[in-house]
Amino acid sequence: MLSKAISAAVHGIDGYLIDVEIDIASGLPTFSTVGLPDAAVKESKDRVISAIRNSGFDFPAKRITVNLAPADIKKEGACFDLPIAIGILSAQEQVRPDELKDYCLIGELALDGALRPVKGILPIVLSLAKKGIRKIIVPQANAQEAAVAQDVQVFPAVNLLQVARFLNKEETIAPSRVCLDNLFDDFVHYELDFSEVKGQMFAKRALEIAAAGGHNVVMVGPPGSGKTMLAKRLPTILPPLTFDEALETTKIHSVAGLLASSKGLVTRRPFRSPHHTSSAIALIGGGSYPRPGEVSLSHNGILFLDELTEFHRDVLEVLRQPLEDHVVTIARARHSLTFPAYYTFVAAMNPCACGNLGHSDPKKECMCTPYQVRKYRARISAPLLDRIDIHLEVSALKVTELTGDSPAGESSSSIRERVIKARSKQKERFSGSKIHCNGQMGSRQIKKYCVAGEDGRSLLSTAIERLGLSARAYDRILKVSRTIADLDNREHIETPHIAEAIQYRCMDR
């Protein structure tokens, strides 16, 4: 007796079809799985046997062979439990075989036959839609996520018995539906707001520029100056995610198993803040079977590294390539995977080892020598700093700023309006290309769109000579100047724009 069911799995952040072939033959009772299964797939036989029996079906005491094709790709996870169980029931004609060709089956089985959610449902469903498969049976906990793909029918099931009865036309399951407009309704409802930050007008202005142009930022200031507070509020002034950005972001979080079952789509820009003890693999991704790391999980959002100098140097150096190429390629002997990694990099660090360099309070005088300051800052390599557009000094607040009854600062919503207007100019400027904002410009775009006047070029030349800027830092200043001009609603870069951009290179001084 032979039967065949359709299933799917993920490779990187994309799904691919798997044919689950079941052969039941006479002989000693055995259950073997072939097709490069990992440990979780091999263990499915015990779950499948218990689930079939506990659901009221007969399990054949025969020789059972399960083949997962294509056989040259390693299969992992428990998502094949449901198609294997249904395939066995179909081979015994306990489930109608003619119905299996129209449905894709995905789900992990509990011992009592209940269906449990699996990772990577959204990329799987999107890939199946491209293959022409329009009917998919998934665990109920995955229904919201799967239904984001509007051109497929997603049937949420509770257990194995319900799936069998549905395929036998004995029970109906209503397809799951989601309203995409409702999913995006809550993007503006942030608990944090820039109006809560006292003082720090210079820092707020710099972060507005960073948000408007997609520029990377490092904030340098004493402890308690508000660096972390500012960074956590940066997502509140970023433009809302587009549907395509939300889909790509959701695919990454789905594969990583970080998507809540009650929410089928990531509608806010991610904010990831890994601890300084994180390893290079945790940050960049990898493992025996590569998984996305923090840089990919922050795709279309913000990656914030607090206490930057406390990260191991080799961990920080792995950020250099994603900051330039906006992708992470993880190569292994049998295969390689590419994960998207376009994010705004934000970091915070103290100015010196004691943290009091430049502190306004005379009681907190810095005790570090110039050599100790240089050694402390040398923990961050020059090539990494060159890839950061804005170097921002965040000074400690004065007592009067903390205790005074100063009026509330500008709200995130009003800042976001200016950011959206600046981004719309950039979208129009770069229409037809893969570039979406000024921070992504390459040499060709900088030469075309970042043309300064004679006075501006003279000022920039002076700054290069006195600060000893690298060629990459020169390009960064021009890109930030272009963003400042966009916020100022100017077609051309003017001298004040360049002068302001030069101020945001404190680590070069």
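**Exercise 1. Strand partners**

Find the residue in E18 that is the bridge partner of Val217, then place both strands in their sheet.

*Solution.* Step 1. Val217 has Ile390 as its bridge partner in E18. Keep in mind that this is a predicted model.

Step 2. Look at the whole strand pair. Strand E10 covers residues 217–220. E10 and E18 pair in the parallel sense, over four bridges.

Step 3. Widen the view to the sheet. It is open and has five strands. Their order is E11-E14-E17-E10-E18, with parallel pairing.

Step 4. Mark the edges. These are strand E11 (271–272) and strand E18 (390–393). Each of these edge strands pairs on one side only.

**Exercise 2. The setting of Ile18**

Decide whether Ile18 is buried or exposed, and list what it touches.

*Solution.* Step 1. Locate the residue. Ile18 sits in strand E2, which spans residues 14–25.

Step 2. Apply the cut-off. Buried means under 20% relative accessible area. Ile18 has 0% relative accessibility, so it counts as buried.

Step 3. List the contacts, leaving out residues up to four places away in sequence. Ile18 touches Ala5, Ile6, Ser7, Ala8 and Ala9, and also Leu68, Ala69, Pro70, Lys75 and Phe80.

Step 4. Check one of these contacts along the chain. Ile18 and Phe80 are 62 residues apart in sequence. Their C-alpha atoms are separated by 9.1 Å.

**Exercise 3. Helix H8**

Compare the span of H8 with the expected one, then work out how many of its residues are buried.

*Solution.* Step 1. Helix H8 runs over residues 201–213, which makes 13 residues.

Step 2. From first C-alpha to last, H8 reaches 19 Å. At 1.5 Å a residue, 18 Å is expected, and the two values are close.

Step 3. Turn to burial. H8 is mostly covered, with 10 of its 13 residues buried. Among them are Ala203, Lys204, Leu207, Glu208 and Ile209.

Step 4. Find the packing partners of the buried residues. Two are strands: E10 and E18. The others are helix H9 (227–233), helix H18 (412–429), helix H21 (471–487) and helix H22 (495–503).

Step 5. Look just past the helix. Gly214 takes a positive phi of about 65° there.

**Exercise 4. Salt bridges across the chain**

Which parts of the chain does the pair of Arg47 and Asp81 link? Then treat two further pairs, Glu76 with Arg291 and Glu324 with Arg476.

*Solution.* Step 1. Start with the total. The structure holds 24 salt bridges.

Step 2. Take the first pair. The side chains of Arg47 and Asp81 meet at 2.6 Å, N to O. Arg47 lies in helix H2 (residues 44–54) and Asp81 in helix H3 (residues 81–91). The two are 34 residues apart, and the pair links distant parts of the chain. Both residues are buried.

Step 3. Take the second pair. The side chains of Glu76 and Arg291 form a salt bridge at 2.4 Å, N to O. Glu76 is in the loop between strand E4 (63–69) and H3, and Arg291 is in strand E13 (residues 291–292), so this pair ties together parts 215 residues apart in sequence. Arg291 has 27% relative accessibility and counts as partly exposed.

Step 4. Take the third pair. Glu324 and Arg476 meet through their side chains at 2.9 Å, N to O. Glu324 belongs to helix H14 (residues 320–325) and Arg476 to helix H21, so parts 152 residues apart in sequence are tied together. Glu324 is partly exposed, at 33%. Arg476 is buried, at 8%.

Step 5. Finish with a network. Salt bridges that share partners join Arg96, Asp98, Glu99 and Lys169.

Notes
Residues are numbered from 1 along each chain as its sequence is written. This is a predicted model: local features need pLDDT of at least 70, side-chain atom pairs count only at pLDDT 80 or more; totals for chains, interfaces and linings use all residues. Side-chain values use heavy atoms; hydrogens and water are left out. Two strands pair if DSSP finds at least two bridges between them. Buried means under 20% relative accessible area, exposed over 50%, partly exposed in between (1.4 Å probe, protein chains only). Contact means heavy atoms within 4.5 Å. The expected span of a helix is 1.5 Å times one less than its number of residues. A salt bridge is a side-chain nitrogen of Lys or Arg within 4 Å of a carboxyl oxygen of Asp or Glu.
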